[in-house]
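Student: I have a structure open and would like to learn how to read its sheets and cores. Could you walk me through it?

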Amino acid sequence: MTETTTEKRTALYAEHAALGAAFTDFGGWQMPLKYGSELAEHRAVRDAAGLFDLSHMGEVWATGPGAAAFLDYALVGKLSAIAVGKAKYSLICAEDGGIIDDLIVYRVAEEDFLVVPNAGNAATVAAELASRLEAFTAADAGAAAGAVALRDASAETSLIAVQGPNAEAILLSVAGSEDHEDIRQLKYYAGIEATIAGVPVFLARTGYTGEDGFELFVGNELAAQLWAALREAGQAHGLIPCGLAARDSLRLEAGMPLYGNELSREGSPFSAGLGGVVALTSKEGDFVGRAALEAKKAAGEGTTSGRRLVGLKGLGRRAARAHYPILKDGVVVGEVTSGQPSPTLGYPVALAYVDIEHAEVGTALDADLRGKAEPFEVVALPFYKRQK
């Protein structure tokens, strides 16, 4: 990244400006919201391919013989179970079980892990990991696990994503021939070191759009070169640059949570439908937040008590937006966290926290759209699932 006194800019800011991007502030970063039509960008990803700058995301390396055990302590999942070359979605929770952030962890080598937090939480997560490493090192388990080093590489790393059904073809057109078979064989939530358009990258088959796609981690100094090569190679495959507006509508259709909307410090994994991410039984030993999360699970949070995150399908034409109340027979029973018309499906969709007794699929509810009740129905997530 590069930085001024008032805003942060990625290494690709000049590329976006030259393309006429409309910028928006996101977590203190000036990021492209859209380049032209956000609807066209959304549809390009569903039908062909989109090119995204995600360099506002964080990158923290945990390395050393004790790195796996440390991440088991610092995060709620069993990260030591990740095979080399694979990735895992996880959460970093507070002692009270609240969600500090959701993140992806890649095991790049036996003792090398790459933790990728969200943009707005990158500094918080880096600081929290450093604090937890002190506690882990001081404990008997940490001393027995071996040395661990943390390095926040966020300021020197760019992240570019190619998402859509033509993503693999685009990558193959500019990848070194020695990497072709590895790219074809790369599974979802897996990563390899590769050479793309002559640029060394860590290439992961991950994304936040509900489509097939790749995310490429690259040093800032080579980011513009890589971006330009991917743009040129993608033209024959229908690829266009896409901004955060399209990324948000794509992830909503795919039923993927966004920190600050569906996930928060006040929420918990169980009410968000992420109980399966919490390794209460599959890993031994303590981890930060374990006692509180065990208590929440025992109390039936998100299953028999409280509220649960659900998908809502609009039965009319008007969309429910974040913070709109959800009603049952005129009584407030929930609140929308994200919502908009679905470009792919042709009807409004929303994510909302709803009282558990009204959270079953098929339940008829209303959204309070500025004083007017609009009909919605609880449906299974995701709203959209790509054809493989």
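Tutor: Gladly! Let us begin with a term: a nonpolar core is a set of buried Ala, Val, Leu, Ile, Met, Phe, Trp, Tyr and Cys residues joined through side-chain atoms within 4.5 Å. Keep in mind that this is a predicted model.

Student: Which residues have the most contacts inside the largest nonpolar core?

Tutor: The general idea is that in soluble globular proteins, nonpolar side chains tend to be buried together. Here the largest core has 31 residues, and Val162, Ile196, Leu203, Leu216, Leu226 and Leu230 have the most contacts inside it. At least two residues of this core come from each of S5, S11, H6, S12, S13, S14 and helix H8 (220–234).

Student: What does leucine 230 touch?

Tutor: Leaving aside residues up to four places away in sequence, leucine 230 touches Leu51, Ile160, Val162, Ile170, Val174, Ile196, Leu216 and Leu239. Apart from the largest core lies another core, of 25 residues, including Phe70, Leu71, Phe136 and Val288.

Student: Now the sheet. In what order do the six strands come?

Tutor: Strands of a sheet pair through backbone hydrogen bonds, either parallel or antiparallel. In this open sheet the order is S12-S13-S14-S11-S5-S15, with mixed pairing. Strand S12 (191–196) and strand S15 (239–241) are the edge strands, each pairing on one side only. On average, neighbouring strands of this sheet are turned by 25° against each other, direction ignored.

Student: How many bridges join S11 to S14, and do they run parallel or antiparallel?

Tutor: Seven bridges join strand S11 (residues 157–163) to strand S14 (residues 213–219), and the two run antiparallel. To find one in your viewer, look at threonine 157, whose bridge partner in S14 is glycine 219.

Student: Which strands does helix H6 lie across?

Tutor: Helix H6 (residues 167–174) lies across strand S5 (49–53), S11, S12, strand S13 (199–204), S14 and S15, and runs at about 40° to S14.

Student: What does the UniProt annotation say about residues 307–385?

Tutor: The unreviewed UniProt entry annotates them as "domain: Aminomethyltransferase C-terminal". Over this stretch the chain is 0% helix and 57% strand, with the end C-alpha atoms 25 Å apart.

Student: Which strands are joined to S21 by bridges?

Tutor: Four bridges join strand S16 (residues 307–314) to strand S21 (residues 372–379), running antiparallel; lysine 313 has glutamate 377 as its bridge partner in S21. Six bridges join strand S20 (residues 364–369) to S21, also antiparallel, and there leucine 369 is partnered with lysine 372. The S20 and S21 hairpin has two residues between the strands, and arginine 370 takes a positive phi near 55°.

Technical notes
Residues are numbered from 1 along each chain as its sequence is written. This is a predicted model: local features need pLDDT of at least 70, side-chain atom pairs count only at pLDDT 80 or more; totals for chains, interfaces and linings use all residues. Side-chain values use heavy atoms; hydrogens and water are left out. Two strands pair if DSSP finds at least two bridges between them. Axes are lines fitted to C-alpha atoms, for helices over the stretch in contact, and angles run from 0 to 180 degrees between N-to-C directions. Contact means heavy atoms within 4.5 Å. UniProt positions are given in the numbering used here, feature names are shortened, and annotations may be inferred rather than shown by experiment. Buried means under 20% relative accessible area, exposed over 50%, partly exposed in between (1.4 Å probe, protein chains only).
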